[in-house]
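Me: I should like to go through the reasoning behind the terms applied to this model. Please set each value against its criterion.

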Amino acid sequence: MFWRPNLFHGHIVVDQAWALEAIYAVFHRDSGVLRRIRDRQGGRFTLSDLAESLWDKQGYDTEAQKLFLSMMESAGICFRLIPAPPGGDGEAEYLAPDLLPAREHLTLEVAQKWDDDASTHEARFTFDFLPPGLLRALMADFGGRAGLAGDYWRDGFYLYDTRTGARAIVDQI
């Protein structure tokens with residue numbers, strides 16, 4: 001049994017295995033949804049995308065699907081890139097870091113956002129070993145707050161804060 005007051009919309013998960021099976025089905029190599037999200041949608045998806053291509057066919061109701069998505073968010077498997085618009089028209093859009101394109105697809109786009117004339121301060125950290133889960137967790141945390149004010153690729157991200165002018169790039173080289 002698993003329960004935390006701030007997770008999973010207050011639901012108690014009695015048997016996590018069924019939920020994990022549904023979540024990992026999204027990332028199964030033979031899954032059409034994996035290829036669709038990774039190759040055609042650049043790592044972006046909505047709950048409807050997962051429902052239509054996978055979870056509805058597996059017989060999961062809307063509440064279970066919302067629970068799966070909540071579990072994915074809390075584990076850093078995905079983060080909310082665009083919130084649902086107010087009034088119930090439309091839905092939130094999510095980003096799965098593990099399904100993002102490689103950096104080479106975005107190099108020019110990210111480079112153009114850096115203003116060479118601006119004064120910059122750089123901090124560089126080097127690790128002998130950086131677990132992939134740490135970078136994914138950082139991306140999910142920062143990306144969940146920055147949303148579209150960032151650019152994201154499989155092993156890094158770029159963020160810009162319009163209020164302060166602060167810029168950050170995190171990249172696994």
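Me: What makes the pair E93 and R44 a salt bridge?

Reply: This is a predicted model, and the distance is taken from its atoms. The closest N and O atoms of E93 and R44 are 2.3 Å apart. The criterion asks for a Lys or Arg side-chain nitrogen within 4 Å of an Asp or Glu carboxyl oxygen, so the pair qualifies.

Me: Which parts of the chain does the pair link?

Reply: E93 belongs to strand β3 (residues 93-95) and R44 to strand β1 (residues 44-45). With their positions 49 residues apart, the pair links distant parts of the chain.

Me: Why is R44 called partly exposed?

Reply: Its relative accessible area is 30%. Buried would require under 20% and exposed over 50%, therefore R44 falls in between.

Me: How do you know that K66 and E63 form a salt bridge?

Reply: The closest N and O atoms of K66 and E63 are 3.8 Å apart. The limit is 4 Å, so this pair also meets the criterion.

Me: What separates K66 and E63 along their helix?

Reply: Both residues lie in helix α4 (residues 62-74), and because they are 3 residues apart there, about one helical turn separates them.

Me: Why are K66 and E63 described as partly exposed?

Reply: K66 has a relative accessible area of 37%, and E63 has 45%. Partly exposed covers the range between the 20% and 50% cut-offs, so the term applies to K66 and to E63.

Me: What makes R145 and D141 a salt bridge, and where do they lie?

Reply: Their side chains meet at 2.6 Å, N to O, which is within the 4 Å limit. Both residues are in helix α6 (residues 132-146), 4 residues apart, or about one turn of the helix.

Me: Why is R145 called exposed, whereas D141 is called partly exposed?

Reply: R145 has a relative accessible area of 61%; exposed means over 50%, so R145 passes that cut-off. D141 has 40%, a value between 20% and 50%, and therefore D141 counts as partly exposed.

Me: How many salt bridges does a search of the whole structure find, and how many helices and strands are in the chain?

Reply: The search finds 7 salt bridges, among them E93 with R44. The chain has 6 helices and 6 strands, following the pattern α-α-β-α-α-β-β-α-α-β-β-β along the sequence.

Me: What share of the chain counts as buried?

Reply: Of its 173 residues, 35% are buried, that is, under 20% relative accessible area.

Technical notes: Residues are numbered from 1 along each chain as its sequence is written. This is a predicted model: local features need pLDDT of at least 70, side-chain atom pairs count only at pLDDT 80 or more; totals for chains, interfaces and linings use all residues. Side-chain values use heavy atoms; hydrogens and water are left out. Helices (H or I, at least four residues) and strands (E, at least two) are DSSP runs, numbered from the N terminus. Buried means under 20% relative accessible area, exposed over 50%, partly exposed in between (1.4 Å probe, protein chains only).
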